[in-house]
Amino acid sequence: MGLLNPINKSFCLEQVCASNYRKLFQLIPDLLAFKEKAIGLAPDRTTLHLEVIERTPYTMTVDLSHCFKKNPNEFLEPAVKIRIYLDAQLAEVLSDHARKSVPSTFKDPGLSLEIMNYKWRLNYFLQKWLDHCLKHHYQFSNKPSIEALA
């Protein structure tokens, strides 16, 4: 992910966030219908877990993660917190399992180049992860299944 370093990162970041919005709704078409949690299943793949953290008229914040063990409390990674801007049709990563949120990491708002680079890495990662999930045809449901609990 560090190899791709666009010159106009601000424009590219907006494009990645727009792409992530479309991919998120392609992966989870009923995303707005889920109230709390949902499970994504794909044949011979680890489960995906979605948790709705916050919902306002124009935004929604969710956690999306893979579960690599049978007990979902054991190992959820990458745990990505995503703010979805419904009116602007953008999805922006706020933090992930390995990196804190921008305000927690950068106390000085004058560090705009570093902040932009940080946001770029977070959102570019989400783009690639969503591509991976779409490739494996995950199906989401808010009803726990036997496979997800086993």
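This report describes the sheet, the nonpolar cores and two selected residues of a predicted model.

**The sheet**

Six strands form an open sheet in the order 5-4-3-2-1-6, and their pairing is antiparallel. Strand 5 and strand 6 are the edge strands, each pairing on one side only. From one strand to the next, the twist averages 30°.

Strand 1 covers residues 37-41 and is joined to strand 2 by four bridges, with the two strands running antiparallel. Within this pair, Ala-38 stands opposite Leu-50 of strand 2. Strand 1 and strand 2 make a hairpin with five residues between the strands, and in this hairpin Asp-44 takes a positive phi near 55°. Strand 1 is also joined to strand 6, again antiparallel, by three bridges. Here Gly-40 has Phe-140 of strand 6 as its bridge partner.

**The nonpolar cores**

In soluble globular proteins, nonpolar side chains tend to be buried together. In this model the largest nonpolar core has 30 residues, and the members that touch the most others are Ile-84 and Phe-140. At least two residues of this core come from each of helix 1 (9-27), strand 2 (47-55), strand 3 (59-67), strand 4 (80-85), strand 5 (90-95) and helix 3 (112-135). Helix 3 gives the largest share, eight residues. There is also a second, separate core of five residues, among them Leu-13, Val-16, Cys-17 and Trp-120.

Phe-140 therefore appears in two settings: it is the bridge partner of Gly-40, and it is a member of the largest nonpolar core, buried by definition. Neighbours within four places in sequence aside, the contacts of Phe-140 are Leu-27, Ile-28, Phe-34, Ala-38, Ile-39, Gly-40, Leu-48, Leu-50 and Leu-64. Two of these, Ala-38 and Leu-50, stand opposite each other in the pairing of strand 1 with strand 2.

**His-136 and Arg-83**

His-136 is located in the loop that runs between helix 3 and strand 6 (139-141). His-136 counts as buried because its relative accessibility is 14%, and the limit for buried is under 20%. Outside the neighbours within four places in sequence, His-136 is in contact with Ala-42, Pro-43 and Arg-45. With Arg-45, the side chain of His-136 also makes a polar contact.

Arg-83 belongs to strand 4. Its relative accessibility is 22%, so Arg-83 counts as partly exposed. Leaving out neighbours within four places in sequence, Arg-83 is in contact with Glu-54, Thr-59, Met-60, Thr-61, Leu-90, Ala-91, Glu-92 and Leu-94. One of these contacts, that with Thr-61, includes a polar contact between the two side chains. Val-93 is ten residues from Arg-83 in sequence, and their C-alpha atoms are 6.3 Å apart.

The two side-chain polar contacts are listed below.

| Residue | Partner | Polar contact distance |
|---|---|---|
| His-136 | Arg-45 | 3.1 Å |
| Arg-83 | Thr-61 | 2.9 Å |

Conventions
Residues numbered from 1 in each chain as written. Predicted model: local features only at pLDDT ≥ 70, side-chain atom pairs only at ≥ 80, totals over all residues. Heavy atoms only, no water. Core = buried A, V, L, I, M, F, W, Y, C linked by side-chain atoms within 4.5 Å. Buried < 20%, exposed > 50% of the residue type's maximum accessible area, 1.4 Å probe, protein only. Contact = heavy atoms within 4.5 Å. Polar contact = N/O pair within 3.5 Å; in protein donor to acceptor, adjacent residues only side chain to side chain. Pairing = 2+ DSSP bridges. Axes fitted to C-alpha atoms, helices over the stretch in contact; angles between N-to-C directions.
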